[in-house]
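Work through the exercises below with the sequence and the model side by side. Try each task before reading its solution.

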Amino acid sequence: RADAAHHPGQPSEMSVRPRFRKRGLGKHLLQQVKDHSISGQYTALISYVDSSAVDFFRRNGFEDDAILCNKYIDAVDPWYGSTFMCHIPYHHQLGDDLEHISTAASLNFLSQLDVGMASWKKVQTSSYQQQVIRFEQMKRHIL
């Protein structure tokens with residue numbers, strides 16, 4: 001279980017039947033779960049997500065980034081064929097420092113943060129791809 005100071009929420013066993021998908025029902029369910037007035041206070045939502053639903057969860061604010069999700073990994077038991085994902089609301093990620101900053105400045109800061117993270121992710125992905133290529137070349141050379 002996670003440390004009590006982390007206060008993660010765990011939506012589990014959520015699903016929309018295939019014939020009802022693509023109608024916004026899953027998105028609506030997640031919005032309800034994310035709403036602090038409905039779900040209570042949490043620092044993150046964590047869940048093992050079926051591999052077929054990873055893109056859906058990404059589109060709805062969940063990340064599978066190992067660094068972001070790491071402190072919550074022990075809070076739940078893994079599911080076979082699933083991906084551990086978390087949703088960390090911005091106000092918890094950035095702390096209380098933004099409370100005294102105007103909304104426009106906060107949005108600008110968040111926009112810059114998003115751009116920086118996208119750039120970092122691109123560099124990291126490229127680096128990882130290069131490592132995989134090198135590994136495959138070494139493997140072919142050995143075999």
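Four exercises follow, each with a worked solution.

The model is predicted: local features need pLDDT of at least 70, side-chain atom pairs count only at pLDDT 80 or more, and totals for chains, interfaces and linings use all residues. Residues are numbered from 1 along each chain as its sequence is written, and side-chain values use heavy atoms, with hydrogens and water left out.

**Exercise 1. The chain as a whole**

Task: State how many helices and strands the protein chain has, and in which pattern they follow.

Solution. Start with the assignment. Helices (H or I, at least four residues) and strands (E, at least two) are DSSP runs, numbered from the N terminus. The protein chain has six helices and three strands. Along the sequence they read β-α-α-β-α-α-β-α-α.

Next, take burial. Buried means under 20% relative accessible area, exposed over 50%, and partly exposed in between (1.4 Å probe, protein chains only). Of the 143 residues, 25% are buried.

Finish with contacts, meaning heavy atoms within 4.5 Å. Among contacts with a separation of 6 or more, 68% join residues 24 or more positions apart.

**Exercise 2. The sheet**

Task: Give the strand order of the sheet and identify its edge strands.

Solution. Apply the pairing rule: two strands pair if DSSP finds at least two bridges between them. The three strands form an open sheet in the order 1-2-3, with mixed pairing. Its edges are strand 1 (8-9) and strand 3 (82-87), each of which pairs on one side only.

Now look at one pair. Strand 1 and strand 2 (residues 44-50) run parallel and are joined by two bridges. Gly9 has Leu45 in strand 2 as its bridge partner.

**Exercise 3. The largest pocket**

Task: Describe the volume and lining of the largest pocket.

Solution. Set the terms. The search uses a 1 Å grid over the protein atoms alone; a pocket is an open set of points where a 1.4 Å probe fits, with protein on both sides within 12 Å along at least five of seven lines. Lining residues have an atom within 4 Å of a point. Points are joined across faces, edges and corners, and the volume is the space filled by probe spheres set on them.

The largest pocket holds about 740 Å³. Of its 30 lining residues, Ser15, Val16, Ala53, Phe56 and Phe57 are the closest to the centre. Helix 1 (25-34), strand 2 and helix 3 (54-59) each give two or more residues to the lining. Helix 1 gives the most, with five.

Sort the lining by type. Ala, Val, Leu, Ile, Met, Phe, Trp, Tyr, Cys and Pro count as nonpolar, Asp, Glu, Lys and Arg as charged, and the others, Gly among them, as polar. The division is 14 nonpolar, eight polar and eight charged.

**Exercise 4. Salt bridges**

Task: Find the salt bridges and say which residues join into one network.

Solution. A salt bridge is a side-chain nitrogen of Lys or Arg within 4 Å of a carboxyl oxygen of Asp or Glu. The whole structure has three.

Take helix 6 (residues 103-142). Glu136 and Lys139 meet at 3.6 Å, N to O. They are three residues apart, so about one helical turn separates them. Glu136 is partly exposed at 27%, and Lys139 is partly exposed at 38%.

The network joins Asp55, Arg58 and Asp64 through shared partners. Asp55 and Arg58 meet at 3.5 Å, N to O. Both lie in helix 3, three residues apart. Arg58 also meets Asp64, at 2.6 Å, N to O. Asp55 is partly exposed at 48%, Arg58 at 39% and Asp64 at 31%.
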